[in-house]
Amino acid sequence: MIKSTELRIPYQKINDESYIKDAVSKELKVDLIDINHIERLKQSLDARGKNIVYNLRLDIYIKENYIENQNFFNPKNVSNAKEIGIIGAGPAGLFAALNALEVGLKPVIFERGKDVRERRRDLAKINKEHLIDDDSNYCFGEGGAGTYSDGKLYTRSKKRGNVKKVLEWLVHFGANKNILVEAHPHIGTNKLPQIIQAIREEIVKQGGEVHFNSKVTDFVVENKVLKGFVINETETRLFDHTILATGHSARDIYYLLDKHNIDIEAKPFALGVRIEHQQEIIDKIQYHGRKNDEFLPPASYSLVTQVDDIGVFSFCMCPGGIIAPCATTQNEVVTNGWSPSKRDNPHANSGIVVQINPETLPNYKANDPFVCLDFQKQVEHDCWKAAGKTQKIPAQRLIDFIDNKKSIDFPSSSYMPGIESVNLNDVLPKFIVDKLRQGLIDFGKKMKGFMTNEAILHAPESRTSSPIKIPRDKMSLEHVSTKGLYPCAEGAGYAGGIVSAAVDGMRIIDVLMEKN
Ligand SMILES: Cc1cc2nc3c(=O)[nH]c(=O)nc-3n(C[C@H](O)[C@H](O)[C@H](O)COP(=O)(O)OP(=O)(O)OC[C@H]3O[C@@H](n4cnc5c(N)ncnc54)[C@H](O)[C@@H]3O)c2cc1C
């Protein structure tokens, strides 16, 4: 017999199997000897009260044998199958390709960047020499923006079946099994590249193709049908179906779509700063004066408020993390955050961003698809100029920002290229400054200790989601006016994060399978 139950246990007991077995035996009134196996289905930390606990959801195998399911991924050899063109090897492109292997379609991926190993060298150049390669950086290259990230895997995606599949496939390719049960799973930058490489090797082994240094530079469009695309301005490849999964930083793709009169639309997004505290400060706030320890992960937070009906919220919080230079070309600066699997760096960073609607922008013009993108570009460029036209970024202590005065000095920052003291009140657009200031004051009231001059604001956090939408039909997932084109995931406005991007890639393959 298998019985389901829920337990609340002191956090220190999370890895104590015999304590948990005892507790189950008492809870279900079952003899210890009859419990053959306890399967954890979900575990979540509850630190709201002084006594910090883990909530566990368990399946108990009573006098019943447990057989572990390890058969998560069942590919077919697709060497001679129908080809699907995929542009971009981010989570969306790679998971579309994995799903294609399962259903028996041949994925052919074109990625402008390099493989994970080569790509790492270009990231070092950004940090040390302030040099950005337009095709190989924190956003572009094998694994997409997700490779050198925190690898947080939670999502608000409603496609629960596919979310489970994404996590199971990640485990199949080397992720720790814990991600299947934790309420807030994450992988870490040190582990993601090997997993991404294993995924690519499987795609190639099963007869799929992955082409690096292969940038799509033009589309072949005839009578409102996408017939294929041009690689590196020289080679034309034709496909009946093309999945466009180029992420939200591939601005050249938006210009290319516009050039071919393929509809795109301005889309709301969010922009602000990345705040960094010492992790110890965040731990003490969230854990009632405690630090993190062996059983208690470095603490995180999630904050949201409304300022004059505009949302201000924390975004992509990275406990024990590093702020990364995520620009994709030379004359701009962009921040984001990553962390290693143990999240054991001394800083905690998070985006603090303001919701932006196209109509509220100073440069708003009705029917201009580029209104949000232009605004995003301008802010990134202004911040680049303000900090000295390198990959250094403008920064300011939190209370100095509130008080509208330049910081004289700084505590340590994790941002490797370096920070420059700038009054962000003078650099960021006024309406962003006003909303940010009030939002931060609200957050200081919600989290006592958050409002400290030991925290640094780094600017800008500007690539939160795509500033452009590529509209598609709800059922066929095909572009609304151009057949053969399947706008996919974050760059098209249908995902925001690793898991939802992967789910969207898989979904397009499911739809294509029905067609073929
Ligand atoms: C530093 C950092 C940390 C992050 N942390 C997290 C996190 O912890 N959790 C989370 O869920 N999300 C995180 N994100 C966001 C997440 O990475 C993205 O949401 C996700 O990668 C989007 O997937 P995608 O496949 O839609 O696009 P992308 O990952 O952006 O992939 C698009 C790919 O297309 C390629 N491409 C672009 N243009 C062309 C072209 N013309 N020709 C060929 N190829 C092209 C790019 O090189 C890229 O590899 C983070 C992002 C960054 C930058």
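These notes cover the ligand site, the cavity, a pocket and some backbone details of a predicted model.

1. **Ligand shell.** The ligand is surrounded by 37 residues. Glu-111, Ala-145, Lys-152, Glu-490 and Ile-498 are the closest of them. Sorted by class, the shell holds 18 nonpolar, 13 polar and six charged residues.

2. **Backbone contacts to the ligand.** Three backbone contacts deserve a look. Ala-145 places a backbone N or O atom 2.8 Å from an oxygen atom of the ligand. For Lys-152, a polar backbone atom is 2.8 Å from a ligand oxygen atom. Gly-497 has a backbone N or O atom 3.0 Å from an oxygen atom of the ligand.

3. **Ligand burial.** How much of the ligand does the protein bury? The ligand alone exposes 990 Å², and the protein buries 95% of that. Helix 2 (91-103), strand 16 (335-338), helix 12 (489-492) and helix 13 (498-515) are the elements that give two or more residues to the shell.

4. **One cavity.** The structure has one cavity of 30 Å³ or more. The largest cavity encloses about 90 Å³ of space. Its lining includes Pro-91, Leu-94 and Phe-95. Gly-143, Gly-146 and Thr-147 are also among the lining residues, as are Leu-170 and Ile-498. Note Ile-498: this residue lines the cavity and is also among the closest to the ligand.

5. **Source and class of the cavity lining.** Which elements supply at least two residues each to the lining of the largest cavity? They are helix 2 and helix 5 (192-205). Helix 5 gives the largest share, four residues. Leu-192, Ile-195, Ile-196 and Ile-199 are among the residues that line this cavity. By class, the lining has nine nonpolar and three polar residues, with no charged residues. Helix 2 appears twice in these notes: it gives two or more residues to the ligand shell and at least two to the cavity lining.

6. **Second largest pocket.** This pocket has a volume of about 940 Å³. Its lining counts 32 residues. Nearest the pocket centre are Glu-39, Arg-40, Leu-41, Leu-180 and Val-181. The class split is 15 nonpolar, five polar and 12 charged residues.

7. **Elements around that pocket.** Helix 1 (17-28), strand 2 (35-46), strand 3 (53-62) and helix 4 (160-172) each supply at least two lining residues to the second largest pocket. Which element gives the most? Strand 2 does, with seven residues.

8. **Cis peptide.** Check the bond between Ala-459 and Pro-460. The peptide there is cis, with omega about -5 degrees. Pro-460 belongs to strand 20 (residues 456-461).

9. **Positive phi at Asn-223.** Asn-223 is not a glycine, yet its phi is positive, about 45 degrees. Asn-223 sits in the loop between strand 7 (216-222) and strand 8 (225-231). Is Asn-223 buried or exposed? With a relative accessible area of 76%, Asn-223 is exposed, because exposed means over 50%.

10. **Positive phi at Asn-232.** Asn-232, a residue other than glycine, also has a positive phi, near 45 degrees. Its place is the loop between strand 8 and strand 9 (235-238). Asn-232 counts as partly exposed, at 35% relative accessibility. Strand 8 thus borders the loop of Asn-223 and the loop of Asn-232.

Technical notes:
Residues numbered from 1 in each chain as written. Predicted model: local features only at pLDDT ≥ 70, side-chain atom pairs only at ≥ 80, totals over all residues. Heavy atoms only, no water. Near = heavy atom within 4 Å. Polar contact = N/O pair within 3.5 Å; in protein donor to acceptor, adjacent residues only side chain to side chain. Areas by Shrake-Rupley, 256 points an atom, 1.4 Å probe, with all protein chains shown as cover. Nonpolar A, V, L, I, M, F, W, Y, C, P; charged D, E, K, R; others polar. 1 Å grid on protein atoms, 1.4 Å probe; cavity = no way out; pocket = protein on both sides within 12 Å on 5 of 7 lines; lining within 4 Å. Points joined across faces, edges and corners; volume = space filled by probe spheres on them. Buried < 20%, exposed > 50% of the residue type's maximum accessible area, 1.4 Å probe, protein only.
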